[in-house]
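The exercises below ask the reader to work from coordinates to short structural statements. Each task is followed by a solution that proceeds step by step.

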Amino acid sequence: MCDSRIVPEIFKDELESIYEGTEKYLLKNLNELGKITNKSKKVNEINDYLSNKLYENVQNVAKKRGWNQLKPRCGDSSNNLMEYINSYGYETGNTSKFDKSLKKSIDFLLVPLMKLIVNSGRYVTTSSCSGRIVFFEKDNNFQNKKNAIYGRSGRILYSSHTHVSDSSLTKITESIESNPKNKSTCYKLEEDLEEEETKDDSGPASTEDNQVEIENEVLLKFEPFLIHVDCNTLEDALRLLNICKSVGLKQSGLCSSGKKYILAIRGNNILETPIMIKSYKIENNKPILLKNQYLISNDYLIHLMNTCNIKMGQNFSQFLSLYHKLLIDFETNGVILPKPVQPIENDNVFKNLPKISDKNNRYIDMIRSTELVQRETMGFGYEGEKKVNIMSFYGECNQLARTHCCMASSKNYVVVYGGYEKPKSKTICVCDLNEIERGFKVIDINEHGPKALLDSTLISDGTVFITFGGRISGDKASNDVYMLYVYNFNGNIETNWYKCKVEGENIPTPRFRHSMCLEKVNKRLNDDEGCDNSNSTFRFFMSGGASSCSPLDDNILGDIWRSTVNYKIHKNDILNPTVKWDFLFKSEYLGLFSGSLAHSASENCLYFIGGCENLDEILNPEFKRMDHLIKFNLDNRTIDHKSLLCKNYENEEYPLNRMSHCCVPLENDDYFLVGGFGGLAFMDEICYLNTTEGMLQKVMSIPKGTRARMGSTVISFKYGNCNHKELWIIGGGVPAMLNYGSFYDKPLRIVMSCEGLCEEDPKNVARNKDTNFETNKYKILGLYVVVEDKILVKSLKNKLELLKIFDKNRKIFQFNDSGNYLYHSIACENVEDFTKCSKCSNKNLCISCNICSKCCYSTYDSVFFLPVKNITNHADIKFLSKYKVYSCPDSQTRIKKPKDKLLSIFKDKGLENSVKNVEVLGSNLLITPLDGSDFPEIDWEQVSREFKVSSVSLVGEIEGEERRRQVKILYGNGDVSIRENGVTYIFNIKSNMFSKGNSAERIRIQKMYFAEYKDHRKVNRFHCTSEYRVLSSYIEFDGCLEPIRPVKDNELKDSSKYELGGEIIVDFFCGIGYFTIPILKFTDEKIVSRVLCVDVNPTAIEYLEENAKANQIDLSRIEVRVDNCQNFGKTYGFEYIDKADKILLGLLPSSRVGWIPAMAALNKKYGGILYIHGLSRKKKGDIIESITTSQSWEDVGEPFYTTKQYEEDKLHDSNCELFSMYVLRSFHELCKKHTGLSHIDWRLHLLHVETVKQYSPHKYHQVVDLKITPIF
């Protein structure tokens, strides 16, 4: 093992020079390698520059160090550089005795790379190999790692960490034909081998004739370089893994060993082939060589040697590429490599070193790492209603993300225990309520702690914590009682576990998913409870659960127990913890699994809340209603039922019964029921229960998740000068072993009361008061994420909003001059001490966070700062720069509009009277001139450079049937490439239109296949059959019969594609694929089988196909047609008649021309959905959601949309009063006049009306989602 604090002891500085000058040969190397002469009779010489340069550097270093240090196996090392590297390697001095390898040294050629890795301070190397050509004798007889001859699986006969030469063949042949006496002989020095020859290793004489013949296989192998790295954190491991992948090391991978993150950095080249069979006889448990039988010819052996040499050169190229890539990355990310220091002279250097990172001794911030996600009204009991804040976790909370766990609170601490945490959790999380700002400390459960960590239960008497039962593994359950004592020692949270001794003979059956509750008493059992040297006693009740899951129904338990716990505290230790069990009751009708238990002191009874009696209840969607509670009277030990009065539930129905919920005690007989599972669904709600009054009331909803088998508790604490009362919910999710993947709900804080005095951390406030810097000079603007490419601004803003960290109270700023702003790390509070930057020579380098405000920019003249509420480690924004920004009070922080920028560039040109608007669209600058104005002479190439665009265009309004706009290209070719919401759109600004205002609609269309759009999904699977054809030959509309030619069998294309079960979509007015492309990109053929795209603009169709390729969409799912939609069913589209599940009608100002073809395409058997675009004068209005063709419009719809208004809108359908009602009335009339289906009653349902944008003054672009289905 090697870490950065002993690097000077292990690696001498002169070895770094062996990589000098190799970078320039890396690109050449790949083309020079890989050529073998077919009929070569000897091993080829090394012919690649990279390897020769590396060997030249090694030779220079060896001369400096002196050849007399080395004693190779044969010859003079100065004449045999390969032997120098292979036989000696690089010994590590005092640390070599810890080396468990046969070679007892580090491979010489990897020293600079390993030194660079460990010098970063983030990594520790544990083992390494620079790559080798090896002849390995495979053994299946001895197989013992202590065996001196063969070891665990065989022995190495010959090994080379460099190229092999033709002169080495004789030595190789001798080695593989020999019978070494030791498995490490190939690494021995010559003098060591001579000593072994003088030793008598024959062993005792054999007393019997015990000879056995065996055969071993000899393999020729090429093994690439390999370095195992122990990474400080998971983030560091992933970072290094990504760097390895970027240089082509695809065989590298990450594994977890205990609490360690081990990254295996591995080359790609391998080779393995058998070449020989060695025969032995065994005498005195030792092999005696009989013969060697080659499996290949000498010529083929030479060919294999040449192949291995090529792989060795490629191997050098790979680890050298990694070295130079790491150098760049460390420099870019500010990793400061230590300067040479004096070596550590200590034989016990490894023993005395502290750990690089203590992953368990860390805290998870539960206060500052949460953000407001929801505001709800909470009302229960007699307290009335009040507003509460729901805070969700956004920081790193690995150990708090668990399920099948439990949680409890004492007077001073909160403990989260057990459950699945990737995988089974072997830690507890403890929060000190007196130091709430520190958050949860993650602590390992030691050998004295419980083994049953799943489906257990945790309670507290206010001083200690008690856990009972749970699953150890599989079906193995426990009935042990463990006590946890948490205390503060010298400012650190410490824990002690104790197994309680059982008094008496009674003991419950081992179980899990049971319920427990404290016995409430009006008077404390001990007035001095919790004090040092005091005896403490408390009682708890336990019931239910299951002893096994095989089968569950036969193992659900229906017993009730009371336990008395005694303990004594002495100097942060628990003395003589005991537990005594009293059996109270048993009934086969009482058995409840995953329920909860509550004790009422006033009634002296137990209440059983929720739970299930058998497996059928769990799997039944009609879970029984929670209309009563089971009551157990402790006085006479009888069972009774108590009816419930429910409030705040729809239709005043009783809610479904629940299981796996949390029952959180409040005061007296008040409880919160949090989450749970029932009716095959998770319950995202909190209920208030008063057992005395028998009242159950829904208090509030919580963010959706899998809130079951989690922990929850109500705590009171003081944060600074502010008193808080909060409900904490931690846990929930699905572990990997129960699913193909795992996901965990993040913790929630529900702030029930807050005095409003905690806006800032009190420690930060105190620290800021002590600072003496000039606050009037600079003012804090906040936290920002930096983007240097304007094209990425919008997509990144959407991502930040999705992550709920974008700050909508601040604007996105474009900063052109860094002189007015100071940039610091997100944790830096110092803005007055600066020093000179070595890169830019400006005095802008913060001495606290080492960030230079002048060096924050790289390639662009201006950058964009996106405001964020906080910083998260989400993978999508992890690579971006993040700063805390300070600004001069008089600095201009608003975004500079493109028009203002253009006018400022050409102040002397008088453009104010010529330019109406300037807009950047992807890589194009669009300039809209004022009507009738003349444009002056301007250098448009200069404009393109200033705006970082490839084209500049003058644009007018969109006109004509083909929806083209008047465009004049001033510079460039007008091609545009835009990436929006994960979709790439390519088009020409002169030939096609693209409205950024329709972005929300493009997102909505693709979301319908993932979000909760149940009504938008396909009604039934459609199978194309010969018996279902076009039922009508005409469609009658507005008094005209539109003919549809019948489809002949020979005109149908391959109909098997329609049997996939996916949707058939017809997109009239498709353009460049505004809606088709996002739909197809985020679905597969099982969801959307095929789309027919129709447009009259041939250029649009060409770009649609190009967009499909750019988004990697299977072109067989798209059929394109350059034609008018009115010809559908006449000259094309025969196979789509009566087949379409969805029809897109995206034409403005009116899409009415496509309504008749849409009805022709609509699936007449199951119906479908039409997405109809149009314009409306009213944004909202009174509508009817549904109507059937058997109903008269005059009876149903006339009060909402009169016939007179309809007739007016028909004359001007691009200027409708209320577009949604105009569409519904038009299609109601259209369906009634559909002569082929006049005997069928149709239902028309307005699913949704989407207002996309304001089209013009007093006009809105709307999309009506109209579902039309037959009623049989």
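Two strands are taken to pair if DSSP finds at least two bridges between them, and strands are DSSP runs numbered from the N terminus. The model used throughout is a predicted one.

**Exercise 1. A sheet and its edges**

Determine the strand order of the open sheet that contains strand 17, and say which residue stands opposite Leu458.

Solution. Begin with the pairing of strand 17 and strand 18 (residues 465–468), which runs in the antiparallel sense over 4 bridges. Within this pairing, Leu458 stands opposite Thr467 in strand 18. Extending the search to the whole sheet gives 4 strands in the order 17-18-21-22, with antiparallel pairing. The edges are strand 17 (457–460) and strand 22 (492–499), each of which pairs on one side only. From one strand to the next, the twist averages 25°.

A further step looks at the loop that leads into this sheet, between strand 16 (440–444) and strand 17, where Asp455 is found. Asp455 has a phi near 55°, a positive value in a residue other than glycine, and with a relative accessibility of 1% Asp455 counts as buried.

**Exercise 2. A hairpin and a second positive phi**

Identify how strand 8 and strand 9 are connected, and then examine the loop that holds Asn572.

Solution. Strand 8 (residues 271–283) and strand 9 (residues 286–294) pair in the antiparallel sense over 8 bridges, and Glu283 stands opposite Lys286 in strand 9. The two strands form a hairpin with 2 residues between them, and Asn284 in the turn has a positive phi of about 55°.

For the second part, locate Asn572 in the loop between strand 26 (559–569) and strand 27 (574–586). The phi of Asn572 is near 60°, again a positive value in a residue other than glycine. Asn572 has a relative accessible area of 28% and is therefore partly exposed, since that class lies between the cut-offs of 20% and 50%.

**Exercise 3. Aromatic pairs**

Classify the ring pair of Tyr485 and Tyr487 and the ring pair of Trp1155 and Tyr1222 by the angle between their planes.

Solution. A search of the whole structure finds 25 aromatic pairs. In the pair of Tyr485 and Tyr487, the ring centres are 5.7 Å apart and the planes stand at 25°, so the pair is stacked, the cut-off being under 30 degrees. Both Tyr485 and Tyr487 are buried.

For Trp1155 and Tyr1222, the centre-to-centre distance is 5.8 Å and the angle between the planes is 50°, and this pair is tilted. Trp1155 belongs to helix 19 (residues 1155–1161) and Tyr1222 to helix 22 (residues 1219–1232), so the pair ties together parts that are 67 residues apart in sequence. Trp1155 is buried at 2% relative accessibility, and Tyr1222 is buried with a relative accessible area of 1%.

Two charge-over-ring arrangements complete the exercise: the charged end of Arg471 sits over the ring of Phe512, 5.6 Å from its centre, while the charged end of Arg1002 sits over the ring of Tyr985 at 5.7 Å from its centre.

**Exercise 4. Helix packing and burial**

Describe the angle at which helix 21 and helix 22 pack, and establish how many residues of helix 5 are buried.

Solution. Helix 21 (residues 1203–1211) and helix 22 pack at an angle of about 90°, with their axes 10 Å apart. The two helices are therefore roughly perpendicular to each other. Helix 21 makes the contact through Thr1203, Tyr1206, Asp1209 and Lys1210, and helix 22 through Tyr1222, Arg1225, Ser1226 and Glu1229.

Turning to helix 5 (residues 111–119), 9 of its 9 residues are buried, so helix 5 is largely enclosed by the rest of the structure. Among the buried residues of helix 5 are Pro112, Lys115 and Asn119. Just after helix 5, Gly121 takes a positive phi of about 80°.

**Exercise 5. A cis peptide bond**

Locate the loop that contains Pro1149, and state the geometry of the peptide bond that precedes this residue.

Solution. Pro1149 is found in the loop between strand 62 (1142–1145) and helix 19. The peptide bond from Leu1148 to Pro1149 is cis, with omega near 10°.

Note on methods:
Residues numbered from 1 in each chain as written. Predicted model: local features only at pLDDT ≥ 70, side-chain atom pairs only at ≥ 80, totals over all residues. Heavy atoms only, no water. Phe/Tyr/Trp six-rings, centres within 6.5 Å; stacked < 30°, edge-to-face > 60°. Buried < 20%, exposed > 50% of the residue type's maximum accessible area, 1.4 Å probe, protein only. Lys NZ or Arg CZ within 6 Å of the ring centre and 35° of its normal. Axes fitted to C-alpha atoms, helices over the stretch in contact; angles between N-to-C directions. Parallel < 35°, antiparallel > 145°, perpendicular 65-115°, else oblique. Contact = heavy atoms within 4.5 Å.
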